[in-house]
Amino acid sequence: MKRGLEPLTVLLAAPRGFCAGVERAIQAVEDALAQTGKPVYVRHEIVHNGFVVNALKRKGAVFVDELSEIPDGAVAIFSAHGVSREVEREAAGRDLAVLDATCPLVRRVHVEGRRHAQAGRDVILIGHRSHVEVEGTIGQIAGIVHVVETVEDVRSVCVSDPDHVAYVTQTTLSVDDTRGIIAALRMRFPAIQGPDTKTICYATQNRQLAVRVIAARAERVIVCGSGNSSNTARLREVAESHGRPALLMQDPRDLTLSFIDGVAVIGLTAGASAPEQMINQALARLAEWRDLSVEEVRVTHEGTRFAPVDLSFLTHQAASVS
Ligand code: 2E7
Ligand code: F3S
């Protein structure tokens with residue numbers, strides 16, 4: 001037994017880590033590199049994770065904030081979070097081979113928002129104003145879009161006609177907080193149309209459920225992922241809302257001995273953009289200090305897979321050039 005300490009029980013949340021949209025987006029960058037060679041350009045981080053981005057940089061991906069930074073003739077990849085119509089138009093007007101790695105579940109929200117706008121409804125987008133997904137979704141809906149982040153925002157939102165209003169949500173919100181916001185919207189606009197919490201994606205919902213279950217048994221919780229990842233931040237909040245101190249581990253050095261001082265049971269999970277490598281790093285760090293007894297706590301199985309991003313036109317382009 002390490003230094004006479006009791007073994008540490010680690011409750012490993014399942015599902016955790018990569019979702020189907022993240023797998024698909026990373027694969028698109030890797031496939032593009034394999035087909036065309038380096039560099040390929042990615043607008044925005046393909047997913048919000050430093051390990052993923054750095055690994056792709058080493059393979060030849062170049063990450064940019066704006067399309068204007070991408071040279072003519074290059075491959076340009078849109079991140080999993082989606083882009084506005086304006087960005088799509090700008091890309092189409094340039095000599096770029098565009099690959100769209102927008103998650104199909106984000107696309108579904110775009111379609112839903114557009115449908116409501118076309119029917120003459122103001123669209124209320126529940127989400128975080130400055131998040132790249134929300135910026136993209138606003139820019140996909142040709143109509144009036146109001147962003148609300150909180151129940152307080154619902155009180156002050158000013159719509160064109162209270163009888164013609166609909167809502168959609170960002171895909172990575174807190175299920176509990178969003179339920180509260182939807183209830184407030186229904187109180188204020190009884191005729192509002194919307195999908196309940198269903199446009200929060202399956203991966204977000206499952207990871208929140210799993211962290212809730214481990215938080216019920218653990219004294220503290222470690223959440224692996226990057227600081228700019230919305231869904232990862234929500235996992236930490238869920239653990240904390242159950243009264244458990246929660247640590248965001250962006251790098252193994254974030255995890256210090258003091259965090260497990262006197263702790264017998266700890267929870268461990270990872271956001272949808274965090275590779276399993278981060279979980280292994282957390283376990284290795286914990287094992288430096290204590291013997292571990294690891295128990296996976298699975299709340300559901302995930303079978304969701306998306307068809308890969310279509311790269312066939314890259315091959316055709318190369319063939320027509322040669
Ligand atoms: C795309 C979408 O990259 P992430 O950390 O993104 P969030 O939105 O959580 O900051 O996670 C994967 C992902 C989630 N949602 C990608 Cl729209
Ligand atoms: Fe898509 Fe949800 Fe993942 S929106 S990218 S499946 S976190």
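Ligand 1 is surrounded by 15 residues, and the closest of them are His48, Ser229, Ser230, Asn231 and Ser273. Keep in mind that this is a predicted model. By class, the shell around ligand 1 holds four nonpolar residues, 10 polar ones and one charged residue.

Which side chains place an N or O atom within reach of an oxygen atom of ligand 1? The table gives three such contacts, one each for Ser229, Asn231 and His81.

| Side chain | Partner | Distance |
|---|---|---|
| Ser229, polar atom | oxygen atom of ligand 1 | 2.6 Å |
| Asn231, N or O atom | oxygen atom of ligand 1 | 2.7 Å |
| His81, N or O atom | oxygen atom of ligand 1 | 2.9 Å |

How much of ligand 1 does the protein bury? Taken alone, ligand 1 exposes 400 Å², and 96% of that is buried by the protein. As for its location, ligand 1 takes up the space of the largest cavity.

Now for the second ligand. The space that ligand 2 takes is likewise the largest cavity. Around ligand 2 you will find Cys19, Gly21, Val22, Cys103, Leu105, Thr171, Cys201, Tyr202 and Ala272. Sorted by class, this shell has seven nonpolar residues, two polar ones and no charged residues.

Finally, a look at the aromatic rings. How many aromatic pairs does a search of the whole structure find? The search comes back with zero. A ring does feature in another kind of arrangement, though: the charged end of Arg220 sits over the ring of Phe259, at 5.3 Å from the ring's centre.

How values were computed. Residues numbered from 1 in each chain as written. Chains lettered and ligands numbered in written order. Predicted model: local features only at pLDDT ≥ 70, side-chain atom pairs only at ≥ 80, totals over all residues. Heavy atoms only, no water. Near = heavy atom within 4 Å. Polar contact = N/O pair within 3.5 Å; in protein donor to acceptor, adjacent residues only side chain to side chain. Areas by Shrake-Rupley, 256 points an atom, 1.4 Å probe, with all protein chains shown as cover. 1 Å grid on protein atoms, 1.4 Å probe; cavity = no way out; pocket = protein on both sides within 12 Å on 5 of 7 lines; lining within 4 Å. Sits in = over half its atoms within 2 Å of the grid points. Nonpolar A, V, L, I, M, F, W, Y, C, P; charged D, E, K, R; others polar. Phe/Tyr/Trp six-rings, centres within 6.5 Å; stacked < 30°, edge-to-face > 60°. Lys NZ or Arg CZ within 6 Å of the ring centre and 35° of its normal.
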